[in-house]
Amino acid sequence: ARSAIEPLAPAFSFDAVEEEGKLIFRPRGGEAVAEFSEDELAVDGDDPDCRFVRAQETELPVQIALGFTEVAGDFRRATVLSRRLAGESRREAKADLALVTSDAVAERAADIWLQDLWAGRERAEFSLPPSYVALSPGDIVDLNYRGRVRRLEITEAIDAGSRTIKARGIDPEIFNVAARSPKT
């Protein structure tokens, strides 16, 4: 089941997470479930309270190619492209999905996927006190750090004294893009 579901997650903007022994599918984006400032971060020894890493532009794809079975085209295989117009990257990401859909839905998925990869180029790691135990992967949080509010999606939470959070940048607005009208 994992090998069938996992390729669909980035293309259709959802996360599969385990909560209380159950597999939960969460749509990506949405409102922040928590907001905190740098004063609320836990300090672990001599480690800085928060680290940010931004991926190089050349590490990110300039284009997404999404393969699918087209429902309106006699169920033939088709591919849609989403291309970023600005930037120096030459990389391309490809996914050939076992999916029957319209070209409009596939184009929307490719556009969102590409924009989400670029929004997630900034990664953060920080520690919170144990009182934030309710936060889990997939949750959206706002971190006010050194005068700048960053919207982040939690990708990993590790409990070891304090709660170490790994997160990526996210722009929830990109998930609200409407699909265009299908080709006829």
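Two strands pair if DSSP finds at least two bridges between them. Strands S5 and S6 meet that cut-off in this predicted model, since seven bridges join the two.

**Figure 1. Three strands, S6, S5 and S7, form an open sheet.** The strand order is S6-S5-S7, and the pairing is mixed. S5 and S6 run antiparallel and are joined by seven bridges. Within S6, Val80 is the bridge partner of Leu66. S6 and S7 are the edge strands; each has a single partner strand, so one side of each is left without a neighbour in the sheet. On average, neighbouring strands here are turned by 20° against each other, direction ignored. Helix H3 packs on this sheet and touches S5, S6 and S7. The direction of H3 makes about 155° with that of S5.

**Figure 2. Helix H3 (103–119) and its buried residues.** H3 has 17 residues, which at 1.5 Å a residue should span 24 Å. Its end C-alpha atoms are 24 Å apart, so the expected span and the model agree. The buried residues of H3 include Ala106, Ala110, Trp113 and Trp118. Polar residues are buried in H3 too, among them Asp103, Glu107 and Asp116. The buried residues of H3 pack against helix H2 (8–11), S5, S6, S7 and strand S11 (162–169).

**Figure 3. The largest nonpolar core holds 17 residues.** Ile64, Leu66, Val80, Leu97 and Trp113 touch the most other members. Strand S5 (61–70), strand S6 (77–83), strand S7 (91–101) and helix H3 (103–119) each give two or more residues to this core. H3 gives the most, with six residues. Apart from this core lies another, of 16 residues, among them Ala34, Tyr132, Tyr145 and Leu152. In soluble globular proteins, nonpolar side chains tend to be buried together.

**Figure 4. Leu97 and its contacts.** Residues up to four places away in sequence are not counted here. Leu97 touches Pro7, Leu8, Ala11 and Phe12. Leu97 also touches Leu66, Gly67, Phe68 and Arg77.

**Figure 5. Gln63, a buried residue of strand S5.** Gln63 has 12% relative accessibility, and buried means under 20%, so Gln63 counts as buried. The side chains of Gln63 and Glu92 are joined by a polar contact of 2.9 Å. Leaving aside neighbours within four places in sequence, Gln63 is in contact with Leu81, Ser82, Arg83, Arg91, Glu92, Ala93 and Leu114.

**Figure 6. Ala72, in the loop between S5 and S6.** Ala72 has a relative accessible area of 59%, and exposed means over 50%, so Ala72 is exposed. Ala72 and Ile140 are 68 residues apart in sequence. C-alpha to C-alpha, Ala72 and Ile140 are 37 Å apart in space.

**Figure 7. A second open sheet has six strands.** The order is S3-S9-S10-S11-S8-S4, with mixed pairing. Strand S3 (34–37) and strand S4 (50–54) are the edge strands, and each pairs on one side only. Neighbouring strands of this sheet are turned by 30° against each other on average, direction ignored.

**Figure 8. Edge strand S3 beside strand S9.** S3 pairs with S9 (residues 140–145) in the parallel sense, over four bridges. Ala34 has Val141 of S9 as its bridge partner. Glu35 has Asp142 of S9 as its bridge partner. In a regular strand the side chains alternate between the two faces of the sheet. S3 shows this alternation. Ala34 and Phe36 point to one face and are buried. Glu35 and Ser37 point to the other face and are not buried.

Methods:
Residues numbered from 1 in each chain as written. Predicted model: local features only at pLDDT ≥ 70, side-chain atom pairs only at ≥ 80, totals over all residues. Heavy atoms only, no water. Axes fitted to C-alpha atoms, helices over the stretch in contact; angles between N-to-C directions. Core = buried A, V, L, I, M, F, W, Y, C linked by side-chain atoms within 4.5 Å. Buried < 20%, exposed > 50% of the residue type's maximum accessible area, 1.4 Å probe, protein only. Contact = heavy atoms within 4.5 Å. Polar contact = N/O pair within 3.5 Å; in protein donor to acceptor, adjacent residues only side chain to side chain. Expected span 1.5 Å × (residues − 1).
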